[in-house]
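Grab your viewer and let's work through a few exercises on this fold. Each one has a task, then a solution in steps.

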Amino acid sequence: MDIKRYRGHLPTSSSPTYHRNESFSRVVEKKFGGFMTMKLVGILSGCLMILTVFLTVSVIYWEPSSGGVSRFGKGRSLGMKAEEVRYPPVDVIRESVEEKDFKMKAEKVPGSGEVSSHKVDSPKDKHLGGLLAAAGYDEASCLSRHQSFLYRKALPQKPSSFLISRLRNYETLHKRCGPYTVSYNKTLEQLKSKNNNEPLECNYVVWISFSGLGNRILTLASTFLYALLTNRVLLVDRWTNMADLFCEPFPQTSWLLPKDFPLNQFGSFDQKSPHSYGNMLKNNVINISTNTLPSFLYLHLVHDYGDYDKHFFCDQDQILLHKVPWLIMKTNNYFVPSLFLVPSFEQELKKLFPEQETVFHHLGRYLFHPSNSVWGLITRYYHAYLEKADEKVGIQIRIFDTRTSPFQQILDQILSCSFKEKLLPEVNVKESIINPSGNQRSKAVLITSLDGGYFEKIRNMYWKHPTVSGEVIEVYQPSHEENQQTEKKMHNQKAWAEMYLLSLTDVLITSSWSTFGYVAQGLGGLKPWILTKVENRTTPDPPCRRAMSIEPCFHTPPFYDCKAKTWIDTGALVPHIKHCEDISWGVKLFNHDR
């Protein structure tokens, strides 16, 4: 602490305290006189000066609310840097350092009328409005679960009381039926015997890891919702990096499929597998009236699925599937919208999600907590580059084919969208310096892309030229891996960290068709500006359009009427399911008023 700034508080020869003491001594002299009197006056004056110094220092360092404990953390409000602050022992400070730090930094974004993402409304936000259980977790094993609320602004989307209740019930079910419990072992014995001759207490759906990280996150959320609706326990295939990316979401149990699970041929499962439900329907091996059912079935819901595979979304087929204790599911689709078209699920889904477009927002924030190693990547980057900006702008760039999407066209499109929608200021190429008017605001631009070229071009543009608005633009890119490397641990950790960082931005630009962007917008509750897909190597007009829903898109939905057994447009049946903004044949959830 710099003591120089407090010198003005100490008594000096010209201070009011000294003058008061001098006047007092004259009165004493006149009344008593003599050497002893002067000595007495000197002692009294010295005592008063010491008392003044003591009181001044006490005022500077004393914090009544801490019960009389001196706390140097208060120096931060006087301009000290966070790293200079020293806190007393943990038993003195009841709340965490992180929570206090963010509460002290809560502020209004100048000119926006909105609270910045540092705002913490109340302690209950730590559990996301009841979405997360308040007890049963080891905080040290998953810091993100207990700290993530510090990095997000308060959002209007709140979980329904029915969803909260169902999640607590599911946690109880998972604890009772999870790996190596008595119920799990009993069901496993039946699976090994290949018999399904008696009903069991616990039924399961096993999610097979498949496709890229964005797809995996979306499909895992879809499978969990199906588990909620059918009272099944979700178990997760142990793909290479699962534990390195995510914390365990359920208290006092695990969602990871045990390594000794008897079905270990997941890689060979496809449409033609003998236990494929669609294949068995096609070959009349199984139907709704079948008495003897297998102990497990494989559900093929990948983008190349056939008409018989799509029977999964029919009500009658759900009656049959309900009788099978083990369902093994492989998918790269966010199939949630089609669950809303299954009549037997309809009423419960209405109660779970009165706002239909919040499904992934709530389930994603409930299920996907970054592991401690990934959380370190996120928080270090956030504090180093994004925290101090008045506004954070995310730009997510995914190029599927460089032949049809040339670099310059994509760059022009990004800038055109940013300028047209007033997301970023234009630059003045004729002036070297522009004097800002009013408060000089700053924007941090976070770019995520496998290619580092977009970052270089945009950063250099704002470095070489001033903005017409006088705003300060800072451009950052955490990584550029050049190629997608789905099975590499560090690649996936970086990808997950960047999705999460994008979800912390205030406004977001995403690429069409990209599940990476879907995850970011869903977790952040953001309606992004979606870049229109480039065709004929020219910049589209308009370059982007605003998403009408925060939900991800189901890229390959079934266009099948289960009752009429004919083709139907499933994007035009109900008001809360419409076609996606970026894929005309895809469908997504919207709120009723959209």
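**Exercise 1. Find the strands that helix 17 lies across, and its angle to strand 6.**

Solution. Start with helix 17: it lies across strand 5, strand 6 and strand 8, and runs at about 145 degrees to strand 6. Helices (H or I, at least four residues) and strands (E, at least two) are DSSP runs, numbered from the N terminus. Angles run from 0 to 180 degrees between N-to-C directions, with axes as lines fitted to C-alpha atoms, for helices over the stretch in contact. Contact means heavy atoms within 4.5 Å. Next comes helix 14 (residues 372–386), which packs on the sheet and touches strand 5, strand 6 and strand 7. The direction of helix 14 makes about 140 degrees with that of strand 6.

A word on the ground rules: this is a predicted model, where local features need pLDDT of at least 70 and side-chain atom pairs count only at pLDDT 80 or more, while totals for chains, interfaces and linings use all residues. Residues are numbered from 1 along each chain as its sequence is written, and side-chain values use heavy atoms, with hydrogens and water left out.

**Exercise 2. Work out the strand order of the open sheet and which strands stand at its edges.**

Solution. Six strands form the open sheet, ordered 7-6-5-8-9-10 with mixed pairing. Strands pair if DSSP finds at least two bridges between them. Strand 7 (472–476) and strand 10 (544–546) each have a single partner strand, so one side of each has no neighbour in the sheet. On average, neighbouring strands are turned by 20 degrees against each other, direction ignored. Now zoom in on strand 8 (residues 507–511) and strand 9 (residues 529–531): they pair in the parallel sense over three bridges. There, I509 has W529 in strand 9 as its bridge partner.

**Exercise 3. Trace the salt bridges of E391 and D244.**

Solution. A salt bridge here is a side-chain nitrogen of Lys or Arg within 4 Å of a carboxyl oxygen of Asp or Glu. E391 meets K443 at 3.4 Å, N to O. The pair links strand 5 (residues 391–396) with strand 6 (residues 442–448), 52 residues apart. Both E391 and K443 are buried, meaning under 20% relative accessible area (exposed is over 50%, partly exposed in between; 1.4 Å probe, protein chains only). Shared partners join E391, R441, K443 and E471 into one network.

Then take D244, whose side chain meets that of K489 at 4.0 Å, N to O. D244 lies in helix 8 (residues 242–245) and K489 in helix 17 (residues 489–503), so this pair ties together parts 245 residues apart in sequence. D244 is partly exposed at 26%, and K489 is partly exposed at 44%.
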